[in-house]
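Visitor: I should like to take a close look at a single part of this model. Please treat the matter in one connected account.

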Amino acid sequence: MANPPIVVSALKKHTATMIMLHGLGDTGHGWSFLAQYMRAYIPHVKFIFPNAPVRPISLNGGMPMPGWFDIYSLDKIIGQEDEEGLLKSRDYIQGLVDKEVEAGIPSDRIVLGGFSQGGAMTLLTGLTLKKKLAGMVVLSGYLPLHSKVFSMASKESKLVPIFQGHGTDDQVVSYKFGQQSRDELANNKYNVEFNSYSDMGHSACDDELKDLVKFLEKVIPQNNA
């Protein structure tokens, strides 16, 4: 698929795992700071930061860059979609979950998260996974394949809490796409927590990370080991 994921071991006995997917043009290193930020709060968690394959990206004039799937337009991000690329990356990410389960971590002690494109992959992977995750984290992301994803969804996914964070000034993945995704998830009876961050663009902020800590402490608490 691509370069092996970056793995940051738990500070204490490993009883839960978070898999965090980067955005377009980034690598696993780009989000590895999250492990250092979070470890003081959730020292029992191992972090995995996968690397997307390098592929031609239409939005980038066809030039290759790391991406979980092709992107054609930011204005029609929920319109024309690279379904083949989405499903191929979905299968790879589900394989990472399977490996953690095989290593002894129950699926309901695994959180899948992502930023931007990685957030889209989190929803596609998590909704179609036939295992119950501890949670899904979608930062500045959106729901892909929205016209068919719910017909592909597993019954287990309905039990998974979803943390969604989005900046009101996002110029890459429009805030309205985040809201639309929230509404579609809620209308399909998913437990989604939507957090807005005023004046935040296509990035993360301290308030968002603090809210994320609270979510992770709730869904993969240390005392559930």
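Which residues of helix α5 are buried?

Guide: In this predicted model, the buried residues of α5 are Tyr175, Phe177, Gly178, Ser181 and Leu185. They lie on the same side of the helix, because the arc they cover around the axis is only 160 degrees. The helix itself comprises residues 175-187, 13 in number, and its span from first C-alpha to last is 18 Å, close to the 18 Å expected at 1.5 Å a residue. Beyond the helix comes lysine 189, with a positive phi near 70 degrees.

The buried residues of α5 pack against two helices, α3 (117-128) and α4 (149-152), and against two strands, β8 (162-167) and β9 (192-197). Both strands belong to an open sheet of 7 strands with mixed pairing, ordered β1-β3-β2-β6-β7-β8-β9. Strands β9 and β1 (6-8) stand at its edges with a single partner strand each, so one side of each has no neighbour in the sheet. On average, neighbouring strands of this sheet are turned by 15 degrees against each other, direction ignored.

Helix α3, one of the contacts of α5, also packs on the sheet, where it touches β2, β6, β7 and β8. The direction of α3 makes about 145 degrees with that of β6. Strand β6 runs parallel to β7 (residues 135-139), and 5 bridges join the two; valine 111 stands opposite glycine 135 in β7.

Helices α3 and α4 recur in the surroundings of α2 (residues 83-102): the buried residues of α2 pack against both, as well as against β2, β3, β4 and β6.

How values were computed. Residues numbered from 1 in each chain as written. Predicted model: local features only at pLDDT ≥ 70, side-chain atom pairs only at ≥ 80, totals over all residues. Heavy atoms only, no water. Helix = DSSP H or I, 4+ residues; strand = E, 2+ residues; numbered from the N terminus. Expected span 1.5 Å × (residues − 1). Buried < 20%, exposed > 50% of the residue type's maximum accessible area, 1.4 Å probe, protein only. Arc of directions from axis to C-beta. Contact = heavy atoms within 4.5 Å. Pairing = 2+ DSSP bridges. Axes fitted to C-alpha atoms, helices over the stretch in contact; angles between N-to-C directions.
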